[in-house]
Amino acid sequence: MKSDLKTRHGGRILADALAAQGVRLAFGVPGESYLPVLDGLHDLREQIRFIVCRQEGGASYMAEAYGKLTGEPGVLFVTRGPGAANGAIGVHTGFQDSTPMVIFIGQVPNEFAEREAFQEIDYRRMYGQMAKWVAQIDRVERIPEYVSHAFHMACAGRPGPVVLALPEDTLFAEAAVADVPKHHTVRPAPSPAEIDEVRRLLDRAQRPFVLLGGGGWDRDSCVRLQRWIEANGLPVGTSFRCQDLFDNRSSNYAGDVGIGINPQLAERIKKADVLLVIGARLGEMTTSAYTLVEAPVPKQTLIHVHAGAEELGRVYRPALAINAGNAQFVQALERLKFDKPAWRSDMQALRENYLEWTTPRPMPGELQYGEVIKWLSDRLPDDAIVAGGAGNFAGWLHRHFRYKGFRTQLGPTNGSMGYGFPAAIAAKLAEPKRAVIAVCGDGDFLMNGQELATAVQYGIPFVTLVVNNGLYGTIRMHQEREYPGRVYGTSLQNPDFPTYARAFGAHGEVVTKTAEFAPAFERASASGKPALIELRIDPDAISPATTLSAIREKALKSAR
Ligand SMILES: Cc1ncc(C[n+]2csc(CCOP(=O)(O)OP(=O)(O)O)c2C)c(N)n1
Ligand SMILES: [Mg+2]
């Protein structure tokens with residue numbers, strides 16, 4: 001049979017393997033270490049679009065965002081050593097965010113291995129803690145097998161990144177091998193006995209709370225779960241930066257359980273008798289540093305549902321641990337029915353509190369950033385994708401934006417700066433018909449501002465907001481609290497952002513007053529180009545809840 005197969009070089013075998021896995025988009029920065037792959041991708045350019053980026057950090061965030069948005073592995077190509085080092089940020093993000101990704105890295109030829117040859121790194125050691133699996137393909141004829149294994153591994157159980165290193169000789173070598181069909185996504189289902197136990201525990205609950213989060217969700221499961229939760233009158237929250245798993249307009253939605261959590265919601269979660277957690281790991285950000293749920297034995301009766309068996313019992317000893325995929329669990333849950341008037345009245349109180357908590361309050365300065373977010377939340381189409389990064393500017397987004405459906409939010413749960421802008425590029429490439437906006441800080445944006453060149457090169461139109469306070473504001477806030485008045489290393493001198501955007505061929509605007517925002521946004525959207533709007537806010541407005549001066553005063557007072 002083998003004689004029927006065409007001989008191909010390793011790069012072409014790899015490109016064909018990606019096409020067989022259903023890959024449509026890949027991101028990367030080229031290197032001489034993987035020229036045969038570029039040659040293979042050249043042959044398949046009608047099937048797979050290779051998006052060439054300006055820095056591997058941006059490219060790796062794009063691959064991560066693609067994986068997060070579509071549920072299919074985001075594919076990244078980086079060169080050895082330096083490329084691998086730059087690209088690590090998206091891999092770390094993908095790991096903590098449970099995002100399926102497959103990362104291909106060039107490698108020195110096998111004949112030079114272990115000499116510390118030019119740009120040589122042992123990727124098994126380098127990526128050991130940030131990837132589900134790291135391997136090196138030493139034989140050209142095994143490329144299809146390794147790629148199939150990598151795609152299975154990235155999607156199975158708790159999704160995550162997989163790294164494959166490609167020694168140069170493997171790519172230049174030729175072989176006649178068959179392709180492998182597209183991977184399956186393998187996730188466990190709950191047993192009938194486990195679902196009976198869920199019924200028993202919920203049936204005696206007076207103050208239950210449902211918490212959704214983590215990776216491995218799909219649109220259908222979110223819609224069905226919402227229907228089930230609404231029919232049964234349960235209150236629900238979402239874990240840190242997973243706010244789009246439940247329509248925030250639903251009267252069952254009580255808010256996000258993340259940084260800067262509504263204190264009343266935090267209290268309510270602490271006092272829940274049964275906590276049904278679906279898909280969330282219950283990480284540090286979601287548990288307010290392990291205070292909402294005590295480790296290792298929670299006060300609440302914890303029902304923890306997670307697709308990764310290794311996550312169950314890792315921090316918390318649940319009353320009931322169920323190893324199941326979200327879709328499989330939701331399907332089984334639909335068989336249960338409850339009629340508890342007490343749950344409904346509790347839910348209504350939580351909802352009223354949520355509505356009050358998320359109403360923007362006045363902040364110092366002429367530009368009311370909270371009102372801008374509310375305006376966007378009210379005006380953008382329901383399926384618009386909002387990509388955010390890390391920094392205090394994101395606090396307004398978390399609090400005042402209402403996410404209306406699955407994958408309308410892209411954010412780094414590992415708190416990694418520089419994410420929003422490249423994530424928005426990937427989102428617009430993956431979903432060209434949907435509106436996309438990026439919300440960035442001034443520090444955050446410039447970590448990957450160079451990808452404006454990529455957005456312009458590929459003609460990707462979306463609007464980016466850069467919230468400029470001239471500060472690494474988050475760090476300044478902590479600095480003023482811990483060492484009041486001793487400001488150091490947290491001030492920024494910024495470029496003129498609209499001019500910077502225009503230099504790349506993008507549209508640029510600055511907004512200094514609330515009323516200027518709507519017309520600026522309309523102009524930016526109508527430009528048909530990548531567009532940047534700088535929002536110049538008062539640096540004292542450090543969060544939706546307080547000011548820098550108030551933090552400093554309080555810290556000084558308690559020091560006296
Ligand atoms: C890659 C990375 N580097 C550093 C940090 C630490 N850090 C967290 S927030 C922050 C400041 C963010 O500044 P900016 O984007 O201007 O947002 P602001 O807090 O001012 O709203 C820093 C430096 C981080 N989270 N990620
Ligand atoms: Mg800032």
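What follows is a dialogue on a metal site, a strand and a loop residue in a predicted model.

In this predicted model, local features need pLDDT of at least 70 and side-chain atom pairs count only at pLDDT 80 or more, while totals for chains, interfaces and linings use all residues. Residues are numbered from 1 along each chain as its sequence is written, chains are lettered from A and ligands numbered from 1 in the order in which they are written, and side-chain values use heavy atoms, with hydrogens and water left out.

Trainee: Which residues are the protein donors of the magnesium ion (ligand 2)?

Mentor: Donors are N, O and S atoms within 2.8 Å of the metal (3.2 Å for Na, K and Ca); water is not among the atoms, so sites may look incomplete. The protein donors lie 2.0 to 2.2 Å from the ion. Along the chain their spacing is D-x26-N-x1-L. They are Asp 442 (OD), Asn 469 (OD1) and Leu 471 (O).

Trainee: How many residues apart in sequence are the parts that Asp 442 and Asn 469 tie together?

Mentor: Helices (H or I, at least four residues) and strands (E, at least two) are DSSP runs, numbered from the N terminus. Asp 442 lies in helix H16 (residues 442–446), and Asn 469 in the loop between strand S18 (463–468) and helix H18 (473–482), so the pair ties together parts that are 27 residues apart.

Trainee: Is Asp 442 buried or exposed?

Mentor: Buried means under 20% relative accessible area, exposed over 50%, and partly exposed in between (1.4 Å probe, protein chains only). Asp 442 has 2% relative accessibility, so this residue counts as buried.

Trainee: How many residues of strand S5 (residues 101–107) are buried?

Mentor: In a regular strand the side chains alternate between the two faces of the sheet. From S5, Met 101, Ile 103, Ile 105 and Gln 107 point one way and Val 102, Phe 104 and Gly 106 the other, and all are buried. S5 is largely enclosed by the rest of the structure, because the buried count is seven of the seven.

Trainee: Which residue in S7 is the bridge partner of Phe 104?

Mentor: Two strands pair if DSSP finds at least two bridges between them. S5 and strand S7 (residues 161–167) pair in the parallel sense over seven bridges. The partner of Phe 104 in S7 is Leu 164.

Trainee: What is the relative accessible area of Met 285?

Mentor: Met 285 sits in the loop between strand S12 (274–278) and strand S13 (301–306). Beyond its neighbours within four places in sequence, Met 285 is in contact (heavy atoms within 4.5 Å) with Phe 240, Val 257, Gly 258 and Ile 259. Met 285 is partly exposed, and its relative accessible area is 31%.
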